[in-house]
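Me: Please take a close look at one part of this model, the surroundings of ligand 2, and set that part against the rest of the chain.

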Amino acid sequence: MSYQARIIVIALVSLVAAAFLGPVPAPAEFFNLPPLPPPGKYGNILIDRLSTKNGVKPAAFSHWLHREKYTCRVCHSELEFNMKVNTTEITEAANVAGKYCGACHNGRIAFGQDQCKKCHNGEIGRGEEKLAQLLLRPLVRTDYGDGIDWVASLRKGTVAPLTYLKTQSKEPPYDRELSLEAEWVKFPPAVFPHKAHSEWLACSNCHPEVFNIKKKTTLHFSMPLILKGEFCGVCHLSVAFPMNDCKRCHPGYTSKNIMR
Ligand code: HEC
Ligand code: HEC
Ligand code: HEC
Ligand code: HEC
Ligand code: HEC
Ligand code: HEC
């Protein structure tokens, strides 16, 4: 059965179930959501484009540990890290010269390049226990991902990440909130708030590569593609809150209104 056909069957089953059998099957189960790591490992990566090949263990990197101090823009725009693990040409020579990790890991902003094992340890859960320390602060919490509502915590001022190292962004603020409607099935639309995204990201993190600048011109913008890591899935599968949090994107969603 095609995706469309399956979703219509689920819709009909839900209607019948709602009428006669009480609880409606959880729609979340319909989508093959990827399994989630525990909060302390959410957003953690092991960088191994060159390490193993060159006789050192892969470099461990934790997003929640770094994003508490820096916005995405600092690393993914100013320092030119790509948003896909093992695609940036990070080398030890570049780090020592003050690029990439070395922009901060220079012994002044953070520990220096001499402390090899702090990075090259091959442990995806390295430093996991520090999340508990971070959570002693009055951060706003969620039940998903790393457990922190970064948007609300930023606005409350309980996190205050730096937005640049050397070059301040000249992008004018853009606050437009978009309502993205599904085209072929009745389901509460997804919201896309530019404000919450611009507080963390540069326009160029999304435009023009991930999304066309004109609303509704991005083709085949649907849950199956998002779950394959395209569009919203570029960030909302691995670093920003995960796809399981249906209601945060579809505010009108309740377990009852699936497909009605
Ligand atoms: C702040 C973190 C960090 C520290 C500290 C660090 N490295 Fe790296 N290093 C990296 C990253 C990230 C890469 C790219 C990894 C990859 O693609 O596999 C890398 C790459 C390497 C490579 C791959 C080959 C090359 O030429 O780039 C070697 C070998 C290496 N580091 C050795 C070391 C040694 C030895 C030390 C200590 C003297 C050290 N590193 C300290 C983060 C670090
Ligand atoms: C301190 C630097 C730093 C900050 C801050 C940072 N990132 Fe990253 N991010 C990285 C590095 C390094 C990689 C791996 C790049 C590589 O290996 O080519 C990465 C990879 C990613 C990936 C790919 C993950 C994967 O599994 O392939 C995504 C998505 C991502 N970042 C999103 C974000 C978002 C969203 C933010 C802000 C909330 C953010 N990053 C903040 C450094 C950072
Ligand atoms: C924008 C600045 C910045 C960049 C870029 C950055 N870091 Fe960090 N990193 C920090 C700061 C600040 C800390 C916390 C302070 C400290 O531990 O010295 C930290 C802590 C860490 C830790 C925790 C070590 C521990 O055991 O406490 C690891 C591991 C780490 N960084 C790896 C990396 C790697 C690998 C890269 C590059 C892929 C990288 N960082 C890029 C600023 C940065
Ligand atoms: C990160 C945001 C985000 C999250 C989280 C999210 N969705 Fe979506 N969803 C979207 C977007 C964007 C669309 C496309 C809207 C459109 O068609 O314009 C969409 C579309 C849909 C559709 C319409 C069919 C389709 O594939 O386009 C359904 C049904 C749906 N989502 C259900 C869910 C359910 C159930 C969850 C929780 C398991 C969920 N969504 C979580 C963003 C999200
Ligand atoms: C996290 C991703 C993301 C970031 C960052 C982002 N945008 Fe967007 N933008 C979108 C999406 C998604 C759409 C809707 C695309 C569609 O419907 O095909 C959009 C649409 C737009 C539109 C068209 C709106 C309309 O009503 O037609 C403009 C203009 C725009 N963005 C400007 C900006 C500017 C300026 C910035 C930086 C301040 C920015 N965007 C940052 C994701 C982003
Ligand atoms: C380039 C990365 C990126 C992409 C692509 C992206 N987001 Fe986000 N989004 C974020 C980050 C970072 C946050 C801050 C919260 C967090 O990290 O959990 C966020 C927050 C949100 C919020 C929460 C706003 C609030 O007030 O709490 C919504 C809703 C949202 N995104 C929807 C979407 C939708 C829908 C799409 C696709 C059309 C999308 N995002 C694409 C990175 C991204």
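Reply: What follows describes the shell around ligand 2, then the nonpolar core, then a second ligand shell and the chain as a whole.

The model is predicted, with a mean pLDDT of 88 over the chain. Residues at pLDDT 70 or more make up 83% of the chain.

Ligand 2 is surrounded by 25 residues, and His66, Cys72, Cys75, Val85 and Thr88 are the closest of these. Three elements each give two or more residues to this shell: strand S1 (44-47), helix H2 (63-67) and helix H3 (72-78). Of these, H3 gives the most, with 4 residues. Sorted by class, the shell around ligand 2 holds 15 nonpolar, 8 polar and 2 charged residues. Two domains take part in the shell: domain 1 (3-32 + 171-249) and domain 2 (39-137) each supply at least three residues.

The largest nonpolar core also involves these two domains. This core has 6 residues, namely Cys72, Val74, Cys75, Trp200, Leu201 and Cys206. Both domain 1 (3-32 + 171-249) and domain 2 (39-137) give residues to the core, so the core lies between them. Cys72 and Cys75 belong to the core and are also among the residues closest to ligand 2. For Cys206, the contacts beyond four places in sequence are with Leu201 and Phe211; Leu201 is itself a member of the core.

The shell around ligand 6 can be set beside that of ligand 2. Ligand 6 has 23 residues around it, with Val151, Ala196, Cys232, Cys235 and Ala240 coming nearest. Helix H7 (150-156), strand S4 (190-193), helix H8 (194-198) and helix H10 (246-249) each give two or more residues to that shell. S4 has the largest share, 4 residues. The shell around ligand 6 consists of 19 nonpolar, 3 polar and 1 charged residues.

As for the whole chain, there are 10 helices and 4 strands, in the order α-β-β-α-α-α-α-α-α-β-β-α-α-α along the sequence. Of the 260 residues in the chain, 19% are buried. Among contacts between residues at least 6 apart in sequence, 57% join residues at least 24 apart.

One stretch calls for caution. Over residues 21-25 the pLDDT stays under 50, and the model has 9 contacts beyond four places in sequence for them. Where pLDDT is low, predicted coordinates should not be read in detail.

Notes:
Residues numbered from 1 in each chain as written. Chains lettered and ligands numbered in written order. Predicted model: local features only at pLDDT ≥ 70, side-chain atom pairs only at ≥ 80, totals over all residues. Near = placed C-beta within 6 Å. Nonpolar A, V, L, I, M, F, W, Y, C, P; charged D, E, K, R; others polar. pLDDT = per-residue confidence, 0-100. Contact = placed C-beta atoms within 7 Å. Domains from an automatic or database assignment. Buried ≥ 20, exposed ≤ 12 C-beta atoms within 10 Å, placed from the backbone. Core = buried A, V, L, I, M, F, W, Y, C linked by C-beta atoms within 7 Å.
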